[in-house]
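Could you walk me through this structure while I have it open in my viewer? I would like to know what to select next and what I will find there.

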Amino acid sequence: MKRFRRLRANENLRDLVRETSISKNDLMYPMFVIEGSNIKNEVSSMPGIYQYSLDRLDEELYRAVSKGIKSVLIFGIPAHKDEKGSEAYNDKGVTQNAIRHIKERYPELTVAADVCLCEYTSHGHCGVVHDGYVNNDETLELLCKMAVSMARAGADIIAPSDMMDGRVAAIRKALDKEGYINTVIMAYSAKFASAYYGPFREAADSAPRFGNRSSYQMDVANGKEALREIEADIEEGADIVMVKPGLAFLDILKQASLTYNMPFAVYNVSGEYAMVKAAAMKGWIDEKKIVLENITAMKRAGADIIITYHAIDVAKWLEEQQ
Ligand code: PBG
Ligand code: ZN
């Protein structure tokens, strides 16, 4: 008989043979910065997550940094939206101002900028729309301008989340041309057209005003295509590749991380957060245990970086366990 239980007999033995562990170093915390002043709005479908105006962002930054969070992902919500999302590439835009502010306060903190137009366009789509269809190549030009503007504001990582074809190569070229040769590209490579983004669209005020994102984001049914997307982004020069959402797509993360020798990120998205929070608030699940189990599963599947709204809580729980 194989006695698997031999190594489960006590905590020390279990600690010795544990295959996967999570660390604060793995966590990236998403933050929402909204134009205006004296704003702290809780996102109704994401308890504990707020939109902050820049003048109030410090309280949240301090909360993250003091718990040992080392990287953040910034989403800006401009007051003015238009057809071409012009605030996305305005050097004085809300996101650029936030990045500059954060890098002034915390030069060591790694700041990633989400690069996509949907928070900035009046129609809420991720690119330039003609006759209801997002034009790929026109969008690329704007994404390049946006990426350079974010790098100029001080972003360490550019994270394109738009799912236009060819954007990694285009952005790499644009960054290099402006001298930002060391700005990292973390590509949302396998990003699915998922219902799990629902709460985010409230947080970022980025819901499409018509139609959906299925003509540019991936069909959730396609795993092989996800590998082709990841491969293309690697060839185009991505430094880090991402699978998004997390939990329902761990098969893809696992396969991709075994296939490509690259740093992998996974996005534990808003809907995953909302489900856990809702059940926890009802007393139906143990929030801490569920979250740590989920994060461990993402690591086990091959994630090096976990982008999660639970980051501050996870950092706190890890501290308590020491
Ligand atoms: C922007 C973007 C989205 C998310 C990250 N960047 C929303 C979308 O594509 O509609 C989702 C993040 C989340 O749900 O937590 N394109
Ligand atoms: Zn978008």
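**A tour in four stops**

Start by selecting L142: its relative accessibility is 10%, so this leucine counts as buried. The cut-off at work here is that buried means under 20% relative accessible area. Keep in mind as you go that this is a predicted model. Now widen the selection to residues 136–153 and you have helix α4, where L142 is found. To get a sense of scale, add N268 and draw a distance between the two C-alpha atoms: L142 and N268 are separated by 27 Å, and they lie 126 residues apart along the chain.

**Second stop: the zinc ion**

Next, pick ligand 2, the zinc ion, and show the side chains of C116, C118 and C126. The SG atoms of these three cysteines coordinate the zinc ion at 2.2 to 2.3 Å. What is the geometry of the site? It is tetrahedral, with angles of 96 to 124° among the four donor atoms of the zinc ion. Reading along the chain, the donors follow the spacing C-x1-C-x7-C. Of these, C116 and C126 are ten residues apart, and both sit in the loop between β5 (110–115) and β6 (128–130).

Are C116 and C126 buried or exposed? C116 has a relative accessible area of 0%, so it is buried. C126 is buried too, because its relative accessible area is 1%.

**Third stop: the aromatic rings**

Now select F32, F75, Y188, F200, Y267, Y273 and Y309, which form one aromatic cluster. The count of aromatic pairs in the model comes to nine. One of them is made by Y267 and Y309, a tilted pair with 6.1 Å centre to centre and 45° between the planes. This pair links distant parts of the chain, with its two members 42 residues apart. Look for Y267 in strand β11 (residues 264–268), and for Y309 in the loop between β12 (305–308) and α11 (311–321). Switch on a surface here and keep in mind that both Y267 and Y309 are buried.

**Last stop: a patch on the surface**

Leave the surface on and select L7, L16 and V17. Together they make a nonpolar surface patch of about 300 Å². L7 lies in the segment before α1 (11–17). How much of L7 is accessible? Its relative accessibility is 43%, so L7 counts as partly exposed.

Definitions and conventions
Residues numbered from 1 in each chain as written. Chains lettered and ligands numbered in written order. Predicted model: local features only at pLDDT ≥ 70, side-chain atom pairs only at ≥ 80, totals over all residues. Heavy atoms only, no water. Patch = residues over 30% accessible without salt bridge, like charges linked within 9 Å, V, L, I, M, F, W, Y side chains within 5 Å. Areas by Shrake-Rupley, 256 points an atom, 1.4 Å probe, with all protein chains shown as cover. Salt bridge = Lys/Arg side-chain N within 4 Å of Asp/Glu carboxyl O. Helix = DSSP H or I, 4+ residues; strand = E, 2+ residues; numbered from the N terminus. Buried < 20%, exposed > 50% of the residue type's maximum accessible area, 1.4 Å probe, protein only. Donors = N, O, S within 2.8 Å, 3.2 Å for Na, K, Ca; no water. Tetrahedral: all angles 85-135°; square planar, octahedral: opposite > 155°, others 65-115°. Phe/Tyr/Trp six-rings, centres within 6.5 Å; stacked < 30°, edge-to-face > 60°.
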